[in-house]
Amino acid sequence: MRRALALTFVVAAGPAFADPPTARAPATATSEATRLGAEYFIQKAGASWTYQLQGGGRGRVAITAFVDWRASFTLSLGKKTASGTWRVKDGHWLERAGARADGEVVLLPAVMTRGTRWQAPASLEKGTRAPAQFEVIALDAQVELPNGSLDGCLAVLETGLDGSEPFTHYYAPNVGKVAVRGPADWLLRLVEFRAGGRARAE
């Protein structure tokens, strides 16, 4: 199933995605692995993600520019719209969005193992102003997407500080966010990824 999904991405993205990320052996209690936040950050203007949204419809996230090592993005997920910037600093994947006044927040830490935790404002998908806690719960999760399954994904659980309202974010290396599951159902699942142009600072 992973191969069928990868070929779907090749058609959508062109040669830039011709070599999918190398699959990793699952981490175990005796052979813990790590992931780097920068592995999931895309640095190419024109990159875009099209998602199937909960209840039908499509959503889109796109990088509109990549200047001075910052990616400017726009997001349209149903009634939620936002714009902002992403960048990597000291290995951390950071986000600044106009939809909230939190300044720059950590999307993914520089180095992660299963059980890595951090606190930050709630995600744009969750859409609340309350602080949230995040925890890496899997390094090689499998996600069922509309076009097939994708393995080797990072899974990050987001909850309120009291552990309520769980949201799980899934990321694939060299692709970025591929799905978000809310307390009851999938909020979004990737149906198309376009890799964009050359990675360069203008």
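**Thr113**

I started with threonine 113 and asked how open it is: at 25% relative accessibility, it counts as partly exposed. That label holds because the class covers what falls between buried, under 20%, and exposed, over 50%. A reminder to myself: this is a predicted model, and I read every value here with that in mind.

Next I looked up where threonine 113 sits, and found it in the loop between strand 8 (111-112) and strand 9. I also checked a partner across the chain: valine 136 is 23 residues away in sequence, yet the two C-alpha atoms are 6.8 Å apart.

**The sheet**

Strand 9 led me on to the sheet. I traced 12 strands in an open sheet, and their order reads 7-6-5-4-3-2-14-13-12-11-10-9. The pairing is antiparallel. Which strands are at the edges? I found strand 7 (105-108) at one edge and strand 9 (117-121) at the other, each pairing on one side only. For the twist, I noted an average of 30° from one strand to the next.

I then zoomed in on one pairing. Strand 12, residues 167-172, runs antiparallel to strand 13, residues 176-181, and I counted five bridges between them. Within this stretch I picked out histidine 169, which faces valine 180 of strand 13.

**Aromatic pairs**

How many aromatic pairs are there? My tally is 10.

I opened the one between tryptophan 49 and phenylalanine 193 and logged it as tilted, with 5.6 Å centre to centre and 40° between the planes. Tryptophan 49 belongs to strand 2 (residues 48-53) and phenylalanine 193 to strand 14 (residues 186-194), so this pair ties together parts that are 144 residues apart in sequence. Nicely, strands 2 and 14 also stand next to each other in the sheet order. Are the two rings' residues buried or exposed? Tryptophan 49 is buried, with a relative accessible area of 3%, and phenylalanine 193 is buried too, at 1%.

My second pick was phenylalanine 66 with tryptophan 69, an edge-to-face pair at 5.7 Å centre to centre and 80° between the planes. Here I found a contrast: phenylalanine 66 counts as buried at 2% relative accessibility, whereas tryptophan 69 counts as exposed at 52%. The tryptophan earns that label because exposed means over 50%.

**The cluster**

Last, I followed the ring pairs outward. They link Tyr40, Phe41, Trp49, Phe73, Trp86, Trp93, Tyr171 and Phe193 into a cluster. I was pleased to meet Trp49 and Phe193 again there, and I noted that Tyr171 falls within strand 12, residues 167-172.

Definitions and conventions:
Residues numbered from 1 in each chain as written. Predicted model: local features only at pLDDT ≥ 70, side-chain atom pairs only at ≥ 80, totals over all residues. Heavy atoms only, no water. Pairing = 2+ DSSP bridges. Helix = DSSP H or I, 4+ residues; strand = E, 2+ residues; numbered from the N terminus. Axes fitted to C-alpha atoms, helices over the stretch in contact; angles between N-to-C directions. Buried < 20%, exposed > 50% of the residue type's maximum accessible area, 1.4 Å probe, protein only. Phe/Tyr/Trp six-rings, centres within 6.5 Å; stacked < 30°, edge-to-face > 60°.
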